[in-house]
Every structure is written in C-alpha cells, then in structure tokens.
Amino acid sequence: SVVGARLGRFSLELGGKSPAVIFDDIEPEQVVPRLIPHFTMNAGQMCARLTRIIVPEASHDKWAGAIT
C-alpha cells in the first residue's frame, strides 16, 4: 500500500510503569525503606524507576500508612 511504503524506522520510549508487586507474607517495615529511593530518584523520571506499588486489597490501608 502507499502508506506502508512511507513508513520509516522508529523507536519508542514508553517509560517505566514498573510496579513493585507486594505479597501478603512481608511487612511494610521490611520493604518501604528500600522502595522509597526507587520512586524518588530523579523525581521518578527514569524509565527504569518504579512507578507504582501493587498490594493485596486487604492490606491497602496498612501499606498506605507505611508509605506516607
């Protein structure tokens, strides 16, 4: 097709969106001190930085309190 012939090579910087997946068998005190530097270095503007924390719904409040 005409459109296909006009396509060029390209690369995309799609960013990190890397989650820290937390399971039920660990306490926030063990993990939070190690997580915070990964979120705050360069204001999180690096593609290899963590951008979110995924925790079990039942322990959301516990983790939210530990991070703030």
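Guide: A residue counts as buried under 20% relative accessible area, as exposed over 50%, and as partly exposed in between. Keep that handy, and bear in mind that the model is predicted.

Visitor: Let's try it on Lys62, then: why is it called partly exposed?

Guide: Its relative accessible area is 39%. Partly exposed is the class between 20% and 50%, so Lys62 belongs there.

Visitor: What makes Lys62 and Glu27 a salt bridge?

Guide: The closest N and O atoms of Lys62 and Glu27 are 3.6 Å apart. The cut-off is 4 Å between a side-chain nitrogen of Lys or Arg and a carboxyl oxygen of Asp or Glu, so the pair qualifies. Lys62 sits in helix H3 and Glu27 in the loop between S1 and H2, so the bridge ties together parts that are 35 residues apart in sequence.

Visitor: And Glu27, is that buried or exposed?

Guide: Neither, really: Glu27 comes out at 35% relative accessibility, so it falls in between and is partly exposed.

Visitor: How many salt bridges does a search of the whole structure find?

Guide: Just one turns up.

Visitor: Let's move on to H2. How do you know what span to expect for this helix?

Guide: H2 covers residues 28–40, which makes 13 residues. The expected span takes 1.5 Å times one less than the number of residues, so for H2 that gives 18 Å. From first C-alpha to last, H2 reaches 18 Å, close to that expectation.

Visitor: Where in H2 does a kink lie?

Guide: At Arg34, shortly before the proline Pro37, with a bend of about 30 degrees. After the helix comes Asn42, which has a positive phi near 55 degrees.

Visitor: Which residues of H2 are buried, and what covers them?

Guide: Pro28, Val31, Val32 and Leu35 are the buried ones. Their cover includes strand S1 (18–21), strand S2 (50–54) and helix H3 (60–67).

Visitor: Why is Leu35 called buried?

Guide: Its relative accessible area is 8%, and the limit is under 20%, so Leu35 passes. Setting aside neighbours within four places in sequence, this H2 residue is in contact with Ala20, Ile22, Leu50 and Ile53. Ala20 is 15 residues from Leu35 along the chain, with 8.1 Å between their C-alpha atoms.

Visitor: What about Leu50, buried or exposed?

Guide: Leu50, found in strand S2, has 19% relative accessibility; that is under 20%, so Leu50 counts as buried. Not counting residues up to four places away, Leu50 touches Ser18, Pro19, Ala20, Leu35, His38 and Phe39. The C-alpha atoms of Leu50 and Pro19 are 5.7 Å apart, although 31 residues separate them along the chain.

Visitor: What makes the largest nonpolar core a core, and which residues are in it?

Guide: A core takes buried residues of kinds such as Ala, Val, Leu, Ile and Trp, joined through side-chain atoms within 4.5 Å. Here the largest one has seven residues: Ala20, Ile22, Val31, Val32, Leu35, Leu50 and Trp63. The largest share, three residues, comes from H2. As for Trp63, its contacts beyond four places in sequence are Ile22, Ile26, Glu27, Pro28, Val31, Val32 and Val55.

Visitor: Why does Ile67 not count as buried?

Guide: At 34% relative accessibility, Ile67 is over the 20% limit and below 50%, so it counts as partly exposed. Ile67 is found in helix H3, and it touches Val32, Ile36 and Ile53, leaving out residues up to four places away. Glu29 is 38 residues from Ile67 in sequence and 9.5 Å away in space, C-alpha to C-alpha.

Visitor: Stepping back, what pattern does the protein chain follow along the sequence?

Guide: It reads α-β-α-β-α, from three helices and two strands.

Visitor: What share of the residues counts as buried, and what share of the contacts is long-range in sequence?

Guide: Of the 68 residues, 16% count as buried. Among contacts with a separation of 6 or more, 73% join residues 24 or more positions apart. The chain exposes about 5600 Å², and carbon and sulfur atoms supply 58% of that area.

Terms used:
Residues are numbered from 1 along each chain as its sequence is written. This is a predicted model: local features need pLDDT of at least 70, side-chain atom pairs count only at pLDDT 80 or more; totals for chains, interfaces and linings use all residues. Side-chain values use heavy atoms; hydrogens and water are left out. The bend at a residue is the angle between axes fitted to the seven residues ending there and the seven starting there. Buried means under 20% relative accessible area, exposed over 50%, partly exposed in between (1.4 Å probe, protein chains only). Contact means heavy atoms within 4.5 Å. Accessible areas come from the Shrake-Rupley method with a 1.4 Å probe; for residues, only the protein chains shown count as cover.
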